[in-house]
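The paragraphs below walk through a single chain, starting from one strand residue and widening step by step to the whole fold. Please keep the sequence and the model open side by side while reading.

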Amino acid sequence: MVYKTHGNLGTILRTIDSVGLKQIILSEKTADAYNPKVVRSTMGAIFRVNVIVVNDIVKTLKEMKKHKFKILATSLETDNNIYDIDYNKKVLVIGNEANGVSKEVLELADEKAKIPMLRKNRKPKCISCNKCYFV
């Protein structure tokens, strides 16, 4: 996951904690999870979620595939949506608001799904991500 916005990352961490997920893998290009703005916006979730920061997300995903995990990437270029996916043994990859998931990761993905939006106005990526966690 690549995020530059501290508040968005904090909201995502808080939501991950609220649905019982235990860890998140972040690209080193992401906002610092321990930045005071992020920590404050997590409302304490930062202390319950294992944050793993990697310098090569593609290499990390390839390693996870060796351990029988499937890669699910969010993309607008698919008819699948997040409500139709079995999340068992899956790694969910969500890109940033500006560029989405990288081409390299999309090529590596076993499945792609879009996050449906009922209105045309764009919501912050953290809100879109949160929809995935509650599926």
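In this predicted model, I52 has a relative accessibility of 28% and therefore counts as partly exposed, since that value falls between the 20% below which a residue is buried and the 50% above which it is exposed. I52 belongs to strand β2, which covers residues 50-54. When neighbours within four places in sequence are left aside, the contacts of I52 are with Q23, I24, I25 and L26. For one of these partners, I24, the separation along the sequence is 28 residues, while the C-alpha to C-alpha distance is 6.1 Å.

From this strand we can move on to the helix that comes after it, α3, which spans residues 57-66 and includes T60. Is T60 buried or exposed? T60 has a relative accessibility of 19%, and because the cut-off for burial is under 20%, T60 counts as buried. Residues up to four places away not being counted, T60 touches I25 and V54. I25 is thus a residue in contact with T60 and also with I52.

T60 shares its burial with other residues of the helix, for V58, T60, L61 and M64 are the buried residues of α3. These residues lie on the same side of α3, because the arc they cover around the axis is only 160°. The general background is that an α-helix has 3.6 residues a turn, so residues three or four places apart point the same way. On the face turned away from this buried side, α3 carries the exposed residues K59 and K66. The partners against which the buried residues of α3 pack are the strands β1 (23-27), β2, β3 (70-74) and β4 (90-93), together with the helix α4 (103-108).

The two ends of α3 have features of their own. At its start, a side-chain oxygen of D56 comes to within 3.2 Å of the backbone nitrogen of V58; V58 is itself one of the buried residues of this helix. After the helix comes K68, which has a positive phi, near 70°.

The next step is to look at how the nonpolar side chains are grouped. In soluble globular proteins, such side chains tend to be buried together. Here the largest nonpolar core has 13 residues, and the members that touch the most other members are L61, I71, A73, V91, V93, V101 and V105. Two or more residues of this core come from each of the elements α3, β3, β4 and α4, and α3 gives the most, with 3 residues. Apart from this core lies another one, of 12 residues, among them L9, I12, L13 and V38. To return to A73, its contacts, leaving aside neighbours within four places in sequence, are V93, V101, L106, A109, E111, K112 and A113.

Aromatic rings offer a further view of the side chains. The count of aromatic pairs comes to 0. A charge does sit over a ring, however, since K89 lies over the face of F69, at 4.2 Å from the ring centre.

Finally, the chain can be taken as a whole. Its secondary structure comes to 5 helices and 5 strands, and from the N terminus on these elements run in the order α-β-α-β-α-β-β-α-β-α. Of the 135 residues in the chain, 44% are buried. Among contacts between residues at least 6 apart in sequence, 74% join residues that are at least 24 apart, and the contact between I52 and I24, with its separation of 28 residues, is an instance of such a pairing.

Methods:
Residues are numbered from 1 along each chain as its sequence is written. This is a predicted model: local features need pLDDT of at least 70, side-chain atom pairs count only at pLDDT 80 or more; totals for chains, interfaces and linings use all residues. Side-chain values use heavy atoms; hydrogens and water are left out. Rings of Phe, Tyr and Trp (its six-membered ring) pair if their centres lie within 6.5 Å; planes under 30 degrees apart count as stacked, over 60 as edge-to-face and the rest as tilted. A charge sits over a ring if NZ of Lys or CZ of Arg is within 6 Å of the ring centre and within 35 degrees of the ring normal. Helices (H or I, at least four residues) and strands (E, at least two) are DSSP runs, numbered from the N terminus. Buried means under 20% relative accessible area, exposed over 50%, partly exposed in between (1.4 Å probe, protein chains only). Contact means heavy atoms within 4.5 Å. The arc is that of the directions from the helix axis to the C-beta atoms. A polar contact is a pair of N or O atoms within 3.5 Å; within protein, one must be able to donate a hydrogen and the other to accept it, and residues adjacent in sequence count only if both atoms are side-chain atoms. A nonpolar core is a set of buried Ala, Val, Leu, Ile, Met, Phe, Trp, Tyr and Cys residues joined through side-chain atoms within 4.5 Å.
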